[in-house]
Amino acid sequence: MTTPTPQQAKDLLSQVESNQAHARSSDAWPLVTMLFVYSAAISVGILAVGLIEDNTTQLIILGAGGAWLVPTLIVYSVKALSWSRRSTVLLCTWLPLTFVALFTAIIVDSFTPTSWVPFAAAGFIWVLSPIMALVGLRR
């Protein structure tokens, strides 16, 4: 086995760095897709809470939106190449913000059924989702 020349070593190192950067950026897409799908499902559920007066129907639509978490997690776990610190930070930032908006909308709607808060919470999630996706794709 021969020792590579400094130029060959430099070329190999740049190739490895390029492959790592490509893997990190392609790994972000499953997480971004998961965030978008789940944001859409939760925001539709929140809109149902704001528009529909019947509690049972609200829960059915909200549960149907929540049911999208399972397939999105399956797709993410199958397609993601690795779990990075950036993915953890993104998910640990996005999930609490989404759940705060969800629970705020549900609690306020239970006390004041004609409130504008569920619509504001759904709008918050619609704005939050693309911002978090851009943060996830920035690598």
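Q: What do buried and exposed mean here, and which of them is Leu-51?
A: Buried means under 20% relative accessible area, exposed means over 50%, and partly exposed lies in between, with a 1.4 Å probe and protein chains only. Leu-51 has a relative accessible area of 60%, so Leu-51 is exposed. Leu-51 is found in helix H1.

Q: What kind of model is this, and how are residues numbered?
A: This is a predicted model, in which local features need pLDDT of at least 70 and side-chain atom pairs count only at pLDDT 80 or more, while totals for chains, interfaces and linings use all residues. Residues are numbered from 1 along each chain as its sequence is written, and side-chain values use heavy atoms, leaving out hydrogens and water.

Q: Where is confidence lowest and where is it highest?
A: pLDDT is the predictor's confidence in each residue, from 0 to 100. The protein averages 80, and 86% of the residues score at least 70. Helix H3 (residues 69-79) has the lowest confidence, at a mean of 75, and H5 the highest, at 87.

Q: How many helices and strands are there?
A: Helices (H or I, at least four residues) and strands (E, at least two) are DSSP runs, numbered from the N terminus. The protein has five helices and zero strands.

Q: What span does helix H5 reach?
A: The expected span of a helix is 1.5 Å times one less than its number of residues. H5 covers residues 117-137, which is 21 residues, and reaches 30 Å from first C-alpha to last, close to the 30 Å expected.

Q: Which residues of H5 are buried?
A: An α-helix has 3.6 residues a turn, so residues three or four places apart point the same way. In H5 the buried residues include Ala-121, Ala-122, Ile-125, Leu-128, Ser-129 and Met-132. Leu-128 counts as buried because its relative accessibility is 9%.

Q: What does Leu-128 touch?
A: Contact means heavy atoms within 4.5 Å. Not counting residues up to four places away in sequence, Leu-128 touches Trp-94, Leu-97 and Thr-98. The C-alpha atoms of Leu-128 and Leu-35 are separated by 9.9 Å, with the two residues 93 apart along the chain.

Q: Is Ser-43 buried or exposed, and what does Ser-43 touch?
A: Ser-43, in helix H1 (residues 6-51), counts as buried because its relative accessibility is 1%. With residues up to four places away in sequence left out, Ser-43 touches Ala-122, Ile-125 and Trp-126.

Q: What share of the residues counts as buried?
A: Of the 139 residues of the protein, 32% count as buried.
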